[in-house]
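Biologist: Please take a close look at the empty space in this model, both enclosed and open. I would like the linings described residue by residue where possible.

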Amino acid sequence: MLKTKTALTTLTTSFMAVTALSGAAMAQSTTLTMLVDNASHTIAISEALVEAYEAENPDVNIEIETRPGGGEGDNIVKTRLATGQMTDIFWYNSGSLLQALAPQQTLVDLSDEPFMDRIMDSFKQVVSAGEGVYGVPTRPAEAGGIFYNRTIYEDLGLEVPQTWDEFMANNEAIKAAGIPAVIQTYGEPWTSQVLLLADYYNVQNAVPDFAEQYTAGQAKFASTPAALRGFEYLKEVHEGGYMNEDVGAARYEDGLRMLAEGEGAHYPMITFAIPALSEGYPEQIEDVGFFALPAAEAEDTGLTVWMPAGFYIPQTSSNIDAAKQFLDFVASPEGCQVQSEAVAVNGPYLIEGCELPDDVAAPVEDLLPYFENGNNAPALEFLSPIKGPILEQLTVEVGSGFREPADAAALYDEDVRKQAQQLGLEGW
């Protein structure tokens, strides 16, 4: 009996010890999952943040998954949220695309978290829905406009254009020199939208309340000449014969290479490309410049600003507290420093206490005056919750000469109407 009791005590003690060890191990090890898009700079930033965080928190492991960008990636995010299969943390757009995720029903509200006090209001505005705030910025503020090759400009004696007519005159001179003047990469259709979307500062300058009227269903692209102009720009560039011959197959990475290596002069793009340019073409990055999409009149030209993407936590996560701690790290000066060391900085951070390094790339230097002189405004997708999903198809069609600008604008207005109704907006 005693032997049995001893054996039972020993077994119980061993079991308790194993249980205690197992419990300690469980308490000391948390695995978080993270979904990010497959752009090279996104992966580099995510991996750097994870590595730095794990170094400070050895009890936490973060596993990174990647997904495609553009519409395919949007569908993956929506599907995983709808089916409860989203990772603990995910990287996604702010602004109208975020609104399409129904954040009040799918994401964790971060508005009461102390670290949100460090986030600038301009960013909170584009990750808010109702009373909730749902994300922290993953990068500095960005802008849409025209990257250009400085060497080509210097060789041809060109100056940075202040008006659309000057831009087209530069294109003609570059074409005459046997160089593709405007790089387009329709192999990745999302890149085709930039020439239109980057014109929004100029639209707002002409129609100051366009975003408000647009959201209320009162202003349309087809019936607002300033908004229609973006579609017309695509047609004019196509008809001028300024684009690269492989426009239908060329992809985003091809566009960056052509720009950096001087195989093309202009690349309409958002400045989130600066890290990829700096990393992929360190010897040529100082040959790359940037300017805002020119308006009809020089005094009207300004910069269209893109708010950065954010990290979000789905309500279905089983590790919400641990995920919040990681976001606290991201939204800190230390998190900014990790990002600055991982990839080239492409604009001002939107987190209190974060500073730009002294050695920012040349395109960033071109970008900063627009912030200093106040000639900038958020892109339409950050002022309105509406952005139709077929815009990239329409801009490819107009830019390829298959559809007239007015027709594309009317189709886009109809696409937007469907989304506005899905969002339950009044006036539609």
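Modeller: What follows covers the cavities, then a pocket, and then one helix pair. The model is a predicted one, and the values below are computed from it.

Rolling a probe the size of a water molecule over the atoms shows where empty space is left. Two cavities reach 30 Å³ or more. The largest cavity has a volume of about 170 Å³. Its lining consists of 17 residues, and those closest to the centre are Leu196, Leu197, Tyr200, Phe221 and Leu380. Several helices take part: α9 (194-197), α10 (200-206), α11 (210-215), α12 (225-239) and α18 (380-383) each give two or more residues to the lining of the largest cavity. By class, the lining of the largest cavity has 13 nonpolar residues, one polar and three charged.

The second largest cavity has a volume of about 40 Å³. Its lining is made up of Ile45, Arg139, Pro140, Gln339, Ser340, Val343, Ala344, Val345, Asn346 and Tyr349. Six of these lining residues are nonpolar, three are polar and one is charged.

Now the open space. The second largest pocket has a volume of about 200 Å³. Among the 14 residues that line this pocket, Ser278, Val343, Ala344, Val345 and Asp359 lie nearest its centre. Val343, Ala344 and Val345 also line the second largest cavity, so named residues recur in both linings. Helices α14 (273-280) and α16 (333-342) each supply at least two residues of the lining of the second largest pocket. The largest share, three residues, comes from α14. By class, nine residues of this pocket lining are nonpolar, two are polar and three are charged.

The last part is a helix pair. Helix α19 (residues 391-399) packs with helix α20 (residues 405-422) at an angle of about 175°, and their axes are 10 Å apart. An angle over 145 degrees counts as roughly antiparallel, which is why α19 is described as roughly antiparallel to α20. On the α19 side, the contact involves Leu391, Leu394 and Val398. These meet Pro405, Ala408, Leu411, Tyr412 and Asp415 in α20. The residues of this contact divide into seven nonpolar, no polar and one charged.

Note on methods:
Residues are numbered from 1 along each chain as its sequence is written. This is a predicted model: local features need pLDDT of at least 70, side-chain atom pairs count only at pLDDT 80 or more; totals for chains, interfaces and linings use all residues. Side-chain values use heavy atoms; hydrogens and water are left out. On a 1 Å grid over the protein atoms alone, a cavity is a set of points where a 1.4 Å probe fits but cannot get out, and a pocket is an open set with protein on both sides within 12 Å along at least five of seven lines; lining residues have an atom within 4 Å of a point. Grid points are joined across faces, edges and corners, and a volume is the space filled by probe spheres set on the points. Helices (H or I, at least four residues) and strands (E, at least two) are DSSP runs, numbered from the N terminus. Ala, Val, Leu, Ile, Met, Phe, Trp, Tyr, Cys and Pro count as nonpolar, Asp, Glu, Lys and Arg as charged, and the others, Gly among them, as polar. Axes are lines fitted to C-alpha atoms, for helices over the stretch in contact, and angles run from 0 to 180 degrees between N-to-C directions. Angles under 35 degrees count as roughly parallel, over 145 as roughly antiparallel, 65 to 115 as roughly perpendicular and the rest as oblique. Contact means heavy atoms within 4.5 Å.
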